Number of protein chains: 2
Amino acid sequence: MGGSVNEQLKQRAQRVIPNGMYGHMSVQMQSPRTPQFFSKAKGAHMWDYEGHRYIDYLCAFGPNLLGYAHEEIDGAYIAQMKQGDSVTGPSGKMVELCEAYVDQITHADWVMTCKNGTDATTMALMTARAHRDKRKVLLASGAYHGAATWCTPVPKGTLPEERAHFIYYQYNDVESLNAALDEAGDDLAGIFAAPFKHDFMTPQELPTQAYADAVRRACDDKDALLIVDDVRAGFRMERNCSWHALNVEPDLSTWGKSLANGHPLSCLMGNDRARDAAGSIFVTGSFWFAAAPMAAALKTLEIIQSTDYLERTVAMGERLRDGIAGISKDSGVPIHQSGPPQMPIIMITDEEGQVDNKGCVAFCDKLLDHGVFFHPYHNMFLTSAMTDGDIDQTLEAISKVVPALAR
Amino acid sequence: MGGSVNEQLKQRAQRVIPNGMYGHMSVQMQSPRTPQFFSKAKGAHMWDYEGHRYIDYLCAFGPNLLGYAHEEIDGAYIAQMKQGDSVTGPSGKMVELCEAYVDQITHADWVMTCKNGTDATTMALMTARAHRDKRKVLLASGAYHGAATWCTPVPKGTLPEERAHFIYYQYNDVESLNAALDEAGDDLAGIFAAPFKHDFMTPQELPTQAYADAVRRACDDKDALLIVDDVRAGFRMERNCSWHALNVEPDLSTWGKSLANGHPLSCLMGNDRARDAAGSIFVTGSFWFAAAPMAAALKTLEIIQSTDYLERTVAMGERLRDGIAGISKDSGVPIHQSGPPQMPIIMITDEEGQVDNKGCVAFCDKLLDHGVFFHPYHNMFLTSAMTDGDIDQTLEAISKVVPALAR
């Protein structure tokens, strides 16, 4: 593969980008054959520079909710771009979009748009601290809430002082939550909770009702703000905040990735209780008020409201999960599946159920030959653009590569 | 104006956005008549919802370098969007763009793309601290480097701990720089410097050679990194880093706003000395690798390289500056102009040269009636899409409104 276009691009990138690539898009921890660059994407598929097509189970790590290069959504983007995108003031589309979210999301009374998921979580952190001028913030250990100085999972280049008033608890563990609450005492500003546990290199866990109820109650008791970080899972679990199904409404929720089906938009939503605090912080960004992504987000929301995109995505996820369970059983190769079927993590384990890291990498490596793009460590994402045919091709590929994993 | 579309949008926004708007796009500190929303933008002009056209001297606060709705640039954006924008991996366009910047920007050996200007300055901060694992960072007092927790100008919702290791000096003041360096001792990680002093509500200052030389020498002496924050001024001063003209090359430079003429893109550039440190930090964002803004940035750079956009923009700025100086002289109304002519701040003062805040707001207010959009406190931006006719119309408007300011 040394002379492949992908390999040439990687070599050129080594010169002009530190380590050749960075962040969640570096394939450094995947098999060496994993394409780093892609030339084209449409629907549920993407193509590498050698012309190979892949069924893409990463969906750009979330943004591809309804299919790449979606004509209706991209059409709305382009029409607004021609009218006015980044201008000296926002367009009326911003008001329309914020109204539409307030109508759609039960807990939301207001919205602030921004650009990165990290912008939204940072604004949530600041709003929680501004609410009653308190300092302590509870975070689930190992949870990802972005890559700002206060939250990047690799603290190189940051200061311990920036995390001085964080207290960590174990997701779904009410006892550890209570210990953290004791430690916070009267100084609790807020609690961050992912909609479900989707940590890197770790099997996923859905939230227990007891845990969700406990964080809500703690925030009520201490006049602190509950933040559900829906950047990753937003509109892939519910047509509402992901904890709506648990009957737990946060004070703040953070959104990004899928909002405009790949166009750059994120936001913080909040209830009236949090409005004054949100209005008291100073945050902004050069492109946060751009109208074209908002037009695309309005169209995305329209499709979310008017189609069965979610039920179809879940059905594809279940078809995949059931098929893999069958292959695992028939072949005797242990495959651990966790998380919501439409956002699964699929891991090769040993007989005792321990994750086999080499096995995970080898599994994804072999699937590449069959036009299937999986990730060994990160949770994956399905899109409503997937078809039964895509899932069947994926299952066929898995059934072909699994025997080679049994040693 | 109560029943105007703008007023209706403002009322609706009050319900669904905290304070009705936020950040640099809130018109709260401008005159109450200032339009908050705009319906259309083309070239150097924008239109409010009542159909009034304005010559726009904010240029979206910088992004509009070459004209709104630029057909060639937007065409490149759309073509790449159809091919693949936010995908599971970057496109080869990312390599092309980073190579193009490394070729164009003297000090740059590598590039990391991101989305907000604040992303770039935050990455610069982290890189400086990662470089030799030192902590102290010098910042010019009052300088704006973004709105993250470590740098937002209104610290509400942030912790003093997040700024624990910052030391502030006065821009252009080598003595105060030296005092800050003494305080940093052996723990100096880096120094931030704006290309020129462009602080809010303050006359602007170009950098002195002595100041620029001193920060470069200090960073060399202490093995710290010099950061020129070119987010606001990038490609409006030079076709290179803004301090290239001073013969001072930074280790890191931060860019945003104008890179893709309004499409969302920012980046950190650095030299080989800073490469390992930049490669050691973990930063990422959902849309940082999107290809469409990179295609637009490549086209923008092509125009930067092949046209006289910069000379024309400067010439328009000088025409405006000279004209205003004449009007001020003839009318006896003191108008203070500072900064580069293409990024001016234009302020009404009293006889002693003290800024007259009410006068600044009234000046901008009256210009609205004549189709000219100025900002009372923030530096302004010209675009190469402006024509002699636009400048003449602006000068005519100014000569009409200035007599009313003389009391």
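A:Leu367 counts as buried, because 21 C-beta neighbours lie inside 10 Å. A residue needs 20 or more such neighbours to count as buried. The model is a predicted one. A:Leu367 sits in helix α10 of chain A, which covers residues 357–368. Which residues touch A:Leu367, once its neighbours within four places in sequence are left aside? They are A:Val372, A:Phe374, A:Ala397 and A:Val401. A:Ile105 is another matter. A:Leu367 and A:Ile105 are 262 residues apart along the chain, and their C-alpha atoms are separated by 38 Å.

**A sheet with open edges**

One contact of A:Leu367 leads into a sheet. A:Val372 is among the residues in contact with A:Leu367, and A:Val372 lies in strand β13(A). There, A:Val372 is the bridge partner of A:Ile55. The two strands involved are β3 (residues 53–56) of chain A and β13(A), and they pair in the parallel sense over 2 bridges.

These strands belong to an open sheet of 4 strands in chain A. The order is β1-β2-β3-β13, with mixed pairing. Where are the edges? The edge strands are β1 (38–42) and β13 (372–373) of chain A. Each of them pairs on one side only. Strands of a sheet pair through backbone hydrogen bonds, either parallel or antiparallel.

**A covered strand**

Now take strand β4 of chain A, residues 110–114. Is β4(A) mostly covered or mostly open? It is mostly covered: 5 of its 5 residues are buried. The residues point two ways. A:Trp110, A:Met112 and A:Cys114 point one way from the strand. A:Val111 and A:Thr113 point the other way, and all of these residues are buried.

What is the partner of β4(A), and in which sense do they pair? The partner is strand β10 (residues 266–270) of chain A, and the pairing is antiparallel over 5 bridges. Within this pair, A:Trp110 stands opposite A:Gly270 of β10(A).

**The whole chain**

Step back to chain A as a whole. The secondary structure comes to 11 helices and 13 strands. The chain has 407 residues, and 58% of them count as buried. Its C-alpha atoms fill a box of roughly 60 × 55 × 45 Å, taken along the principal axes.

Is the chain compact or drawn out? A compact globule with 407 residues would have a radius of gyration near 22 Å, and chain A has 21 Å, so the value agrees with a compact globule.

Contacts also reach along the sequence. Take the contacts in chain A with a separation of 6 or more: residues 24 or more positions apart account for 74% of them.

The domain assignment gives domain 1 (1–43) and domain 2 (71–306) in chain A. The centres of domain 1 and domain 2 of chain A, taken over C-alpha atoms, are separated by 31 Å.

**Two copies, one contact**

How does chain A relate to chain B? A rotation of 180° superposes chain A on chain B, with 0.0 Å of shift along its axis and an RMSD of 0.0 Å. The two copies are therefore related as by a two-fold rotation axis. The same surface serves both copies: 100% of the contact residues of chain A recur in chain B.

The contact takes 94 residues from chain A and 94 residues from chain B. Several elements of chain A each supply at least two residues to the side that touches chain B, including α1 (5–16), β1, α2 (71–83) and α3 (92–104). The covered strand β4(A) also does so. Which element gives the most? It is α4(A), with 8 residues. By class, this side of chain A has 48 nonpolar, 30 polar and 16 charged residues.

**A turn of the backbone in each copy**

One residue after helix α4 deserves a look in each chain. Asp133 is not a glycine, yet its phi is positive in chain A and in chain B. The table sets out both copies.

| Residue | Phi | Loop | C-beta atoms within 10 Å |
|---|---|---|---|
| A:Asp133 | near 50° | between α4 and β5 (136–140) of chain A | 12 others |
| B:Asp133 | about 50° | between α4 (117–132) and β5 (136–140) of chain B | 12 others |

Is A:Asp133 buried or exposed? A:Asp133 is exposed, because just 12 other C-beta atoms lie within 10 Å, and a residue counts as exposed at 12 or fewer. B:Asp133 is exposed too, with 12 other C-beta atoms within 10 Å.

Terms used. Residues are numbered from 1 along each chain as its sequence is written. Chains are lettered from A and ligands numbered from 1 in the order in which they are written. This is a predicted model: local features need pLDDT of at least 70, side-chain atom pairs count only at pLDDT 80 or more; totals for chains, interfaces and linings use all residues. Copies are superposed by least squares on the C-alpha atoms of residues with pLDDT of at least 70 in both. Two residues are in contact if their C-beta atoms, placed from the backbone, lie within 7 Å. Two strands pair if DSSP finds at least two bridges between them. The radius of gyration is taken over C-alpha atoms; the globule rule is 2.2 Å times the number of residues to the power 0.38. Domain bounds come from an automatic or database domain assignment. Ala, Val, Leu, Ile, Met, Phe, Trp, Tyr, Cys and Pro count as nonpolar, Asp, Glu, Lys and Arg as charged, and the others, Gly among them, as polar.
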